[in-house]
Amino acid sequence: MSGTNGQVAHLDAVEKPERGLHSLTVRDFRNIESASLSFCNGLNLVHGENGSGKTSLLEAIYCLGRVRSFRTHHADQPIRYGQSAYQLVGQIVAQGGKLLPLGIERSGTGLTVHFNSEPVRRLSDLAGNFPVQILSADTTSIFNGGPRFRRQTLDWALFHVEHSYRELWQRYSRALRQRNAALRTQSATRLIRIWDEELLDAAVGIDRLRREYLEELSVLLSTELVALLPGMEVRLRYQSGWPASITLSEALAANLEKDRAQASTQYGVHRSDFQLQANNHEVSGHCSRGQQKTLLVAFLLAQVRLQHSRRTPLGAFLLDDLSSELDVLAQRRVLQALQELGVQVFVTQIAGDSVDPADWGEFRAFHVEHGTVHEVL
Ligand SMILES: Nc1ncnc2c1ncn2[C@@H]1O[C@H](COP(=O)(O)OP(=O)(O)OP(=O)(O)O)[C@@H](O)[C@H]1O
Ligand SMILES: [Mg+2]
């Protein structure tokens with residue numbers, strides 16, 4: 001990578017990460033009955049006809065990293081029809097290049113996760129082992145989805161880049177659950193407000209880290225947009241989850257009777273949101289569909305760059321149906337950026353020829369046919 005400006009030079013200083021997915025064994029996931037594949041650290045290109053199983057392969061990789069699908073909220077939906085469970089076992093490239101096994105078994109009745117041969121009890125303990133990102137038509141847009149989706153986007157990113165965030169988030173969630181339980185049982189005010197101190201303490205930390213993250217992201221996003229959508233100015237605006245004119249402590253006190261009536265806490269960081277404005281307009285009403293996709297790419301790339309600058313690099317970036325999602329300029333830009341950052345990439349497309357593997361030091365191609373995946377040698 002050549003250092004032509006300050007930002008690129010800075011990234012040059014960060015050694016290319018040894019992260020990613022070394023190999024994967026899939027059993028009974030969607031239309032893939034069984035597959036055993038080894039990947040390279042660079043570009044992994046997956047092609048095949050419509051309905052062959054390309055997105056299913058990416059979904060399996062995503063499920064391994066995030067223990068949930070990007071296509072459905074029904075956790076057992078990917079189990080192959082007629083089967084009772086799916087299994088995914090990957091060899092994850094950990095820091096220092098060490099390979100560690102990560103295994104998931106999902107049946108209609110439950111989930112079992114093993115990392116490095118130990119059972120994993122709390123999924124938040126898995127964070128950072130194999131962080132994956134996806135761009136696909138199924139990805140709910142950060143522009144059109146509800147606040148919950150944007151909060152998840154923020155939380156997922158912060159779990160990786162801020163070590164203190166997970167603990168704050170767990171403390172906040174616990175205090176909120178207890179406070180809501182006290183509201184539901186119509187407890188005395190004293191027994192409700194007993195949780196406020198813990199809630200407020202964790203909320204202050206979460207609020208600060210989210211604001212700092214979005215400020216940093218906003219700078220990186222603007223840089224991406226210079227190349228991808230010249231002339232578009234985007235603002236990221238964070239909303240705390242309580243009225244801006246008062247503190248959370250005041251909001252909780254003032255709203256106690258309403259909280260009692262609704263049996264839940266109305267104000268707090270569990271209600272926060274952020275908005276993206278393009279040229280001072282709402283993105284969903286102002287930008288074309290193509291611009292929204294490009295903006296999403298810029299947003300995801302900015303996130304990847306931020307992760308790298310904090311030395312918590314991404315495990316793999318999955319690009320589903322790349323050529324139908326993006327124009328040629330955006331396709332080139334996203335692939336070039338990921339290549340420079342040393343991120344492992346998986347790309348699916350119907351024909352195998354619109355991505356040029358020449359720029360990639362490491363490249364592997366796979367062909368999918370009726371759920372059978374073969375490496376093309
Ligand atoms: N739980 C399941 N069990 C078995 N097959 C399934 C299951 N869920 C979906 N399928 C089938 O898996 C097949 C592959 O779907 P997939 O979305 O992976 O194809 P694709 O190669 O990405 O196609 P496209 O090019 O159209 O995006 C489809 O025919 C679909 O009907
Ligand atoms: Mg597909």
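Accessible areas here come from the Shrake-Rupley method with a 1.4 Å probe. The structure is a predicted model.

**Exercise 1.** State the accessible surface of the protein chain and the share that belongs to carbon and sulfur atoms.

Solution.
- Step 1. The accessible surface of the protein chain is about 17,800 Å².
- Step 2. Carbon and sulfur atoms account for 48% of that surface.
- Step 3. Turning to burial, 52% of the 377 residues of the protein chain count as buried, with the cut-off set at under 20% relative accessible area.

**Exercise 2.** Judge how compact the protein chain is, using its radius of gyration and the globule rule.

Solution.
- Step 1. The protein chain contains 12 helices and 15 strands.
- Step 2. Its radius of gyration is 22 Å, close to the 21 Å given by the globule rule for 377 residues, so the chain is as compact as a globular protein of that length.
- Step 3. Along the principal axes, the C-alpha atoms fill a box of roughly 70 × 50 × 40 Å.
- Step 4. Of the contacts between residues at least 6 apart in sequence, 70% join residues at least 24 apart.

**Exercise 3.** Describe the surroundings of ligand 1 and its polar contacts.

Solution.
- Step 1. There are 16 residues around ligand 1, and G51, K54, T55, S56 and R71 come nearest.
- Step 2. The shell divides into three nonpolar, eight polar and five charged residues.
- Step 3. Oxygen atoms of ligand 1 lie 2.5 Å from a polar side-chain atom of R71 and 3.0 Å from one of N50.
- Step 4. A polar backbone atom of Q77 is 3.1 Å from a nitrogen atom of ligand 1.
- Step 5. On its own, ligand 1 has 660 Å² of accessible area, and the protein covers 74% of this.

Methods
Residues are numbered from 1 along each chain as its sequence is written. Chains are lettered from A and ligands numbered from 1 in the order in which they are written. This is a predicted model: local features need pLDDT of at least 70, side-chain atom pairs count only at pLDDT 80 or more; totals for chains, interfaces and linings use all residues. Side-chain values use heavy atoms; hydrogens and water are left out. A residue is near a molecule or strand if one of its heavy atoms lies within 4 Å of it. A polar contact is a pair of N or O atoms within 3.5 Å; within protein, one must be able to donate a hydrogen and the other to accept it, and residues adjacent in sequence count only if both atoms are side-chain atoms. Ala, Val, Leu, Ile, Met, Phe, Trp, Tyr, Cys and Pro count as nonpolar, Asp, Glu, Lys and Arg as charged, and the others, Gly among them, as polar. Helices (H or I, at least four residues) and strands (E, at least two) are DSSP runs, numbered from the N terminus. The radius of gyration is taken over C-alpha atoms; the globule rule is 2.2 Å times the number of residues to the power 0.38. Buried means under 20% relative accessible area, exposed over 50%, partly exposed in between (1.4 Å probe, protein chains only). Contact means heavy atoms within 4.5 Å.
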